[in-house]
Amino acid sequence: MKVLRDTWLVFGRYWGLFIHNPVWVVIGVVQPLLYLLLFAPLLSSIAKTPGFPSGGAYNVFVPGLLVQLGMFGAAGVGFSLIAELRMGVIERLRVTPVSRVSLLLGRALRDILSIVVQSLILIVLALPFGLSINPIGVVVVLALIALIGLLTASIAYAAALWLRSEDSYAPLIFTSSLPILLLSGVLLPLGLAPQWLRSIAALNPLSYAVDAARAVFLGHLGNPSVVKGVALMAVLSILAVILGARAFGRAVA
Amino acid sequence: MEGNAIETRGLRRVFKTRNRVVEAVAGVDMTVPKGEIFGFLGPNGAGKTTTLRMLATLLPPSGGTAMVAGCDLLKQPGQVRERIGYVGQAGGSDREIMGRTELVFQGRLYGMSLAAAKKRAADLIAMLELEVCADRKVATYSGGQKRRLDIGLGLVHDPQLLFLDEPTTGLDPQSRARVWDEVRRMHDRGTTVFLTTHYLDEADALCDRIAIIDHGKIVAVGSPEELKREVAGDLVTLSVVGNLPAAFDLLKGQPFVREATTEEGMVRLYVDRGEVAMPAILRLLDSAGLQLVTIGLQRPSLDDVFLRKTGRSLRETAA
């Protein structure tokens, strides 16, 4: 299969670039650690607030953190693409017979892999604080985070290919991802929110992913919200990949 | 059809900006036979790069048809990509990657096995004399080394047709000469080279044929020699001891003289081929007993051609 081979080749190129830049590797590991050490301690007192779900502070907070990692870890990937547009790299690749879908998927897989590894580190580091989860739950959650990464990265690459400049890409990414994140109940559960806020959040696809992740961490693997969240992310990811591949196909660098 | 690397009919490209429509390429018809070094000469913004990008499958044409490397550009872009190489103005190599890694990756994208791609990369590194820098990041390369690597990336799959967009812009004279040598070597191996340039000397020295493009239209096509001859012919100026009118009368009737004038004590003769006319002029004056004082030959430049065809000098517009 040409698409698989091309995707593997493109993945190899960008994974190599990532791995050879120690700064990114260190940031990738340190970031989740900072959240655990500097933010999570606030939670133990909040967990007693009425409306806060049961199951322990970490089992409520870590799922949100993972979703945030999936989204913010992928939202910035367009910056490197814009740099490549400027160097003529994308134009050079587009003149080769390489599959356009692979140009997107190979890169996105690199982003997903780094996000999944960071997520695993986060989960493992949270265990001594009192996080509890079973192995199947870990697999389901990682799959969910991978889908969020794929969704976000595909949109980010498409946006970078259309905008072609950091000056318009950066504001777009930051102004759009913040409300999406706040309206997903990532930091604190939406159960604490007033009704009007909950109604807006119901329109946000990411809130279903957060619900799914929380259900998994509370041990409710069979909960319909898990299927709902994973399926929604899968469908949106496919649409985003089509969008991103089209952007690679017609990009005018 | 057979034997042509490129054939276009009415190739057009329109860009829509917020409040107006710009026709960057306004109907280009051209034929480039296989094996030629064909140059697209014109000022910045003339439509050179837009045409090149359409032919290289990077930009869909707004109208017209084109056969590139034997395939229909519109219907078989995939096959076109297999057969062409393209080196854009920006180059195409990533500053953070080693030259050899880039070459191997590029080979793999064209379907080579890892071993074959490594072998090809090593061959290209030797051919382009990049041994000293091949295993360093591209960020450390000199301008000339980077340009040679970018050309190598375009050559990985040994394409039958190579597009070079302003291959020597921004290079020092020595690196320019190296790039010219590489282009001539590709030509010797039978590769068709299609390049754009706004340098008159580059078009003149390197290209078998050139097309002069201005405002999205081709205004002249031919070999540099033909174009120059067609426009003006060579100019022979001479002066003699004493009887200038006699020399003028003698020479103006000669079949090889297109036009003759006298000016400031000199006879000015426009001739088709100065190097053939000069010995004949010497013999004629000699046998008529007229003694030469000075004789000079001036050949027209491509800038004269450009001036005649567009009403402007390329030297002025390029500045």
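1. In this predicted model, residue B:E264 lies in the loop of chain B that runs between strand β12 (257-263) and strand β13 (266-271). Although B:E264 is not a glycine, its phi is positive, at about 45°. Most residues other than glycine have a negative phi, and a reader new to the structure may therefore wish to look at this loop with that background in mind. As to its surroundings, B:E264 counts as exposed because 7 other C-beta atoms lie within 10 Å, where the limit for an exposed residue is 12 or fewer.

2. A second loop of chain B deserves a similar reading, namely the one between β9 (209-214) and β10 (217-222), in which B:H215 is found. The phi of B:H215 is near 50°, again a positive value in a residue other than glycine. Is B:H215 buried or exposed? Neither word fits fully, because B:H215 has 15 C-beta neighbours inside 10 Å and so counts as partly exposed; a buried residue would need 20 or more.

3. Turning to the strands, chain B contains an open sheet of four strands in the order β2-β1-β4-β5, and the pairing in this sheet is antiparallel. Its edges are formed by β2 (21-33) and β5 (71-72) of chain B, each of which pairs on one side only. Helix α1 (residues 48-55) of chain B packs on this sheet, where it touches β1, β2 and β4 of chain B, and the direction of the helix makes about 115° with that of β1(B).

4. Within that sheet, strand β1 (residues 4-16) and strand β4 (residues 63-68) of chain B run antiparallel and are joined by five bridges. One position that can be followed in the structure is B:R12, which stands opposite B:G63 in β4(B).

5. Where the two chains meet, 16 residues of chain A are in contact with 21 residues of chain B. On the side of chain A that touches chain B, at least two residues come from each of α1 (2-19), α5 (78-87) and α6 (89-95) of chain A. The largest share, five residues, is supplied by α6(A). Sorted by character, the residues on this side of chain A comprise eight nonpolar, six charged and two polar ones.

6. On confidence, the predictor assigns the complex an ipTM of 0.90 and a pTM of 0.87. For chain B, the pLDDT averages 91, and 97% of the residues score at least 70.

Note on methods
Residues numbered from 1 in each chain as written. Chains lettered and ligands numbered in written order. Predicted model: local features only at pLDDT ≥ 70, side-chain atom pairs only at ≥ 80, totals over all residues. Pairing = 2+ DSSP bridges. Contact = placed C-beta atoms within 7 Å. Axes fitted to C-alpha atoms, helices over the stretch in contact; angles between N-to-C directions. Nonpolar A, V, L, I, M, F, W, Y, C, P; charged D, E, K, R; others polar. pLDDT = per-residue confidence, 0-100.
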